[in-house]
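Hello,

Here is the structure I said I would pass on to you. Have a look at it first, and my notes follow below.

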Amino acid sequence: MSGRDAIFATIRKSLRVTGDDSLRRESVAARLEKHPRGIVPARGQKPEAERTELFRQMVENAKASIVILDSKDDVPAAVAAYLRSKNLPQSIRHGDDERLSLIPWAKERTLEVTKGASDGAQLASVSYSFAGVAESGTLVMLSGADNPTTLNFLPDHHLVVVDERDIAGDYETIWDRLRERLGAKAMPRVVNWITGPSRSGDIEQTHLLGAHGPRSLHVLVVRNS
Amino acid sequence: MSQPVNSPHFNANARKALDDAFLQKALARSEKGFIERRKAAVEKLPEYDALRDSARDLKDHILAHLDLYLEAYEKNVIASGGHVHWAANADEANEIILSICKRLDAKKVAKGKSMISEETGLNAYLEENGIRPIETDLGEYIIQLRGETPSHLIAPALHVTKEQIEADFRRAHVDLPPERNLDEPTSLLAEARAMLREKFLAADVGITGANFLIAETGSSVIVTNEGNGDLSQTLAKAHIVISSIEKVVPTREDAGTFLRLLARTASGLDLSVYTTFSTGARREGDPDGPLEYHVVLLDNGRSNMLGGKFQEMLRCIRCGACMNHCPVFHAVGGHAYGWVYPGPMGAVLTPSLVGVEKGGQLPNASTFCGRCEEVCPVRIPLPKLMRNWREREFERHLQPAAARYGLGVWAAFAKRPAVYRAATSLAMKMLRLFGGKGRLRRLPLASGWTEYRDFPAPEGETFQSLWKKRGAAR
Amino acid sequence: MSDQVPAAKKPLRVGLFATCLVDLIRPRIGFAAAKLLKDAGCTVEVPQQTCCGQPAFNSGDRKTARELAAQVIEAFEGYDYVVLPSGSCAGQVSLHYPELFDGNAAWSPRAKALAAKTFELTVFLSDILKVTPRARFEGSVTYHDSCSGLRELGIAAQPRKLLANVEGLDLIEMKDPHVCCGFGGTFCVKYPDVSNKIVGKKTENIAASGAETLLAGDLGCLMNMAGKLSREGRDVKVRHVAEVLADMGDAPAIGEPER
């Protein structure tokens, strides 16, 4: 008997069930099909303006920084200002996301923009987030050429643009949007929920930023135009 | 191969732990932070208790349908281009992982934190077979340098002080200039970051655990604050997930229920910094990510726990809150428990997985204060489950003869009230004679008590005989 | 559980279950409990009794636990209420007796009926009889919440509310009053080193509170803490909360010689 068969046999013996009980099968199929929502905290259930404000607070609680911009056209200046404030070279790397290509980077003449994944040599990256979650100040990143996963983790400083209209109150809303975009059960290779910059408490329970991932996380919210 | 069991020596381990000044300092330092951070996070979420109830009910539903959710999970992993491997025990899991590494000609493995791999003794097994696993979680890295095992579920190096870490780094990082200052946690972190960055970039295979497996999509979920699990799995040629079978949850929404509890209970964050849902290998057009994605599903005795007296233990989501609130853990730390899982959850799980003959000490080493159950995010009745183990031991005559005999004598009297009254009246009078100063500094048969405490002397007569005597006066 | 006092004019008949530790070691706690109940208008009786069976239950000996439980049920089921000066033994009767007889057609209803009318002393006074005993006690006290009472029965506010009415008494909370003292029944003799470490932290907190007297509702915990305080040479008096509430706070404290 293979390991698989042995495990299933013991599970069914212990539970005193068989694999072909239609009631059990229906119950499982229904849950997978309907994916009912559990308890969703009231905290995030707010009209848009208040939701954005909650998102801002929660991002800051998570020890990231955040600016709210009136338009996409303001992104280059905000990125340049952030790099300057951190005493970093005016250089960023980002993926193929069309929304990033539409940003008028040329407005910042000294800003060097390269495209592609990270090999660990870049100090700062810019990603475009699929969504934000106000409940916990979380950014939702999807893997792929648009926003390579390595850009989320290897550079020392991660800058993330999110459209205000994409900030939801809760995680459940994001899953539904993803189902709409990709199909009922499909997922990108990786979905990264990012809540603040990397940290560790492993040395004497002292909480320090910048463990393995980015030392700082900067969020740029673009208001609806 | 699996991790050797040192649990039968709990008492000796505990004594050693109590005499270890470094450990006692480390334990005293961490106790308050865990408790306060959890409390603050929980108080900010009014739905917290309702979430606990629903998480408990959801886990019970999952466990009752575990076979079917595992089938659905397997189907969806395969559909998304991943591979599923089933391991009935530790040896099988290790062999599966080794064979994947060998096929890929892998020499270096970057490892995210995984208690399941501690259970199987994976690191030692890979090393014996010429493969170098590097733990990348900072705490795990520190204890790997020290040749130790984790002493806590989420803070594996809880027992180590920063001075000890500095000494370990100076010993292991041979290129480190002696004049480099490593006095502060920040400088230690910077050193570890630089050192491990090279390891991530050089790794052939990345191995991580899983906090949850999602049946709906075939995804594995890990949570970390450091990002080490992400670097381990993103940069290598293959990502191998090692997980136990009870980690499966039905849907993404259901994972959310547990995620809302996990970080708050464990570390006081609303959410861990990185929550990562991984589904299959690198896709067409992806510029990064592993080329292969494997999941190794370990049973190792869990399927036997279903449907029985210990099924509730399989609800555990490994947050560590039970040990963070345990007076025994606070006194002796995690290593005294002698196997992979410490604290109250370990006291129930260890005998389930290694047998009560080896793990039976642990469920006895509890005051039953109940604080573990009070803080458990999935409401596992830990004291009740520990008592179940004591019953198993009693039935099988596994308890020490002296304890059994003492209890038996007591029970024999207690079951005969008239004899009891006569005997205890006499005994208390005698004890009183020796305790004229109000307390006894030494007491035969109770040296465990009087080694450390005085024994308050009885008043002399029993309440029942006095009550009878004074009956007329009432 | 019912919290209604029966409307009958007849005084309530209360069976006092002193607990074996009180019976053997410190009878005055039993008398204190009896006085408090009588002052509140109850008739108090002490039927022949031994042990509630908790040590057997927690040691995994269900059979003995069940036999002792049956003995207690037979002795006490005739009373209107059963009151114990111990949260841990009250928890054994009101939570674990029904569990012990689960599925037993003859005994389960009897166990449940007894469980429903069994109360820890301060809960009975405060929540059921709704009385506030009058007493005087000059000095500062600190109160330790024993684990079973606190976590199984939710006892925390009741003893403090009753103590607040004691004239001259000043309650100072210690750090972590709700953390275990390390007694744990047979735990303290099976794992003496660990137990000692835990009680050592407790006595440090007690001493740091500056209170002159330590009170609690369970004699096991009290003996553990009193024994440690005495061994450490700390000058803190230790008493059961009932002694103070019954205005019997001038007798020798636990571990003190008779005068």
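I'll begin with the domains of chain A: the assignment splits this chain into domain 1, covering 1-34, and domain 2, covering 46-222. Their centres, taken over C-alpha atoms, are 41 Å apart. Please keep in mind as you read that this is a predicted model.

Chain B also has two assigned domains, with domain 1 at 25-303 and domain 2 at 402-473. Here the C-alpha centres of domain 1 of chain B and domain 2 of chain B are separated by 54 Å.

Next, the contact between chains A and B. Chain B contributes 79 residues to it and chain A contributes 63 residues. On the side of chain B that touches chain A, helix H10 (residues 185-202) of chain B supplies the largest share, with 8 residues. Sorted by class, that side of chain B holds 31 nonpolar, 29 polar and 19 charged residues.

The two chains also pair through strands. Strand S9 (residues 190-194) of chain A and strand S9 (residues 274-278) of chain B run antiparallel and are joined by 5 bridges. If you want a place to start looking, Ile194(A) stands opposite Tyr274(B) in S9(B).

Chain C comes in with a helix that I checked for length. Helix H4 (residues 62-76) of chain C has 15 residues, so at 1.5 Å a residue it should span 21 Å, and its end C-alpha atoms are indeed 21 Å apart. The buried residues of H4(C) are Thr64(C), Ala65(C), Leu68(C), Ala69(C), Ala70(C), Gln71(C), Val72(C) and Phe76(C). Within chain C, these buried residues pack against strand S1 (13-16), helix H3 (54-58), strand S3 (81-84), helix H5 (87-100) and helix H6 (108-116), and from chain B they pack against helix H21 (401-414).

One last residue for you to inspect: is Tyr452(B) buried or exposed? Tyr452(B) has 21 other C-beta atoms within 10 Å, and the cut-off for a buried residue is 20 or more, so Tyr452(B) counts as buried. Tyr452(B) sits in the loop between helix H23 (447-450) and strand S12 (455-456) of chain B. Beyond its neighbours within four places in sequence, Tyr452(B) is in contact with Pro192(C), Asn196(C), Lys228(C) and Arg231(C). Back in chain B, Arg441(B) is 11 residues away from Tyr452(B) along the chain, and their C-alpha atoms are 9.1 Å apart.

Happy browsing, and do write back with any thoughts.

Best wishes

Technical notes: Residues are numbered from 1 along each chain as its sequence is written. Chains are lettered from A and ligands numbered from 1 in the order in which they are written. This is a predicted model: local features need pLDDT of at least 70, side-chain atom pairs count only at pLDDT 80 or more; totals for chains, interfaces and linings use all residues. Domain bounds come from an automatic or database domain assignment. Helices (H or I, at least four residues) and strands (E, at least two) are DSSP runs, numbered from the N terminus. A residue is buried if 20 or more other C-beta atoms lie within 10 Å of its own, exposed if 12 or fewer, and partly exposed in between; C-beta atoms are placed from the backbone. Two residues are in contact if their C-beta atoms, placed from the backbone, lie within 7 Å. Ala, Val, Leu, Ile, Met, Phe, Trp, Tyr, Cys and Pro count as nonpolar, Asp, Glu, Lys and Arg as charged, and the others, Gly among them, as polar. Two strands pair if DSSP finds at least two bridges between them. The expected span of a helix is 1.5 Å times one less than its number of residues.
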